[in-house]
Amino acid sequence: MAIYYAANVLRKIIRELQTDGVNEGCVSTFGNTYATKQAFTSDPAVLYNCLNTAISKNANATNRILYDAVFNTIEYFHSSAKKSNRWVIFVITYENDEGSGNVTSIRQCIDNISERYHGRGCIYIISVGNFNRARLNKLDIDNRCSHISADTPQETDRAILKALLRFQTNDQRGNWSDVAAFENISYAFVLDVSSQGYTGNTPPHTDKLCFNEHVLHPVRHDTEW
């Protein structure tokens, strides 16, 4: 269920960051291979639907190219994101890397960030499975890459919120309404769809959302749909 705790927070990120259409997001997946499922868009309905589709499928992968996926996402930012934006990558994964061929460590990804973006970007790796703790400690690099453990819905929500606040303001104090004021941000969701990942069932929503002219709103009562 931890994957769904994280996914619900990603939905909340879409809702808050896309309130005024001034930010842009994309979605990609990885298992044996890496694929961009949704190009950068400011349409929250498109992002929300893509996230739901990606998280409900299982790629039956035998490997998990975590490092290659992060590196490829950085390359995609370089070619397709708005150059003036700050950017942030959220990676949800079950396990450590098990098969990257081109990148051998998260440090290579971070070095690529420094070279290309001069400190404007950050990676958050959200673990929802049996990560090796010693290797997890190596993911915290110079505030440019941090690990978040999705243990309970409340802890996951608060940890990702604090990460966003720290990314934008260098201050972890605040709430989700503060995130809605963030502007000029490009963000990516990178989802592990390996065989040990998703169940293929529709994920439960703890943060229900509905569409109204392509804007996401919290559901208060059935009459508000």
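Let's start with one pair of residues: Ile-92 has its bridge partner in strand 4, and that partner is Ile-126. This is a predicted model, so keep that in mind as you look around. The two isoleucines take us to the pairing of strand 3 (residues 86-93) with strand 4 (residues 121-127), where the strands run parallel and 7 bridges hold the pair together.

Now zoom out to the sheet around them. Reading across, the strand order is 2-1-6-3-4-5, which makes 6 strands in an open sheet with mixed pairing. What stands at the edges? Strand 2 (34-41) and strand 5 (145-149) do, and each has a single partner strand, so one side of each has no neighbour in the sheet. Going from one strand to the next, the twist averages 15°.

Next come the helices that pack on this sheet. Helix 2 (residues 44-55) touches strand 1 (24-30), strand 2 and strand 6 (185-192). Its direction makes about 165° with that of strand 2. Helix 3 (residues 66-80) also packs on the sheet, and the strands it touches are strand 1, strand 2, strand 3, strand 4 and strand 6. Check its direction against strand 3 and you get about 155°.

One last stop is Asn-184, in the loop that links helix 7 (176-179) to strand 6. What is odd about its backbone? Asn-184 has a positive phi, about 60°, although it isn't a glycine. As for its surroundings, Asn-184 has a relative accessibility of 43%, so it counts as partly exposed, a class that runs from 20% to 50%.

Key: Residues are numbered from 1 along each chain as its sequence is written. This is a predicted model: local features need pLDDT of at least 70, side-chain atom pairs count only at pLDDT 80 or more; totals for chains, interfaces and linings use all residues. Side-chain values use heavy atoms; hydrogens and water are left out. Two strands pair if DSSP finds at least two bridges between them. Helices (H or I, at least four residues) and strands (E, at least two) are DSSP runs, numbered from the N terminus. Axes are lines fitted to C-alpha atoms, for helices over the stretch in contact, and angles run from 0 to 180 degrees between N-to-C directions. Contact means heavy atoms within 4.5 Å. Buried means under 20% relative accessible area, exposed over 50%, partly exposed in between (1.4 Å probe, protein chains only).
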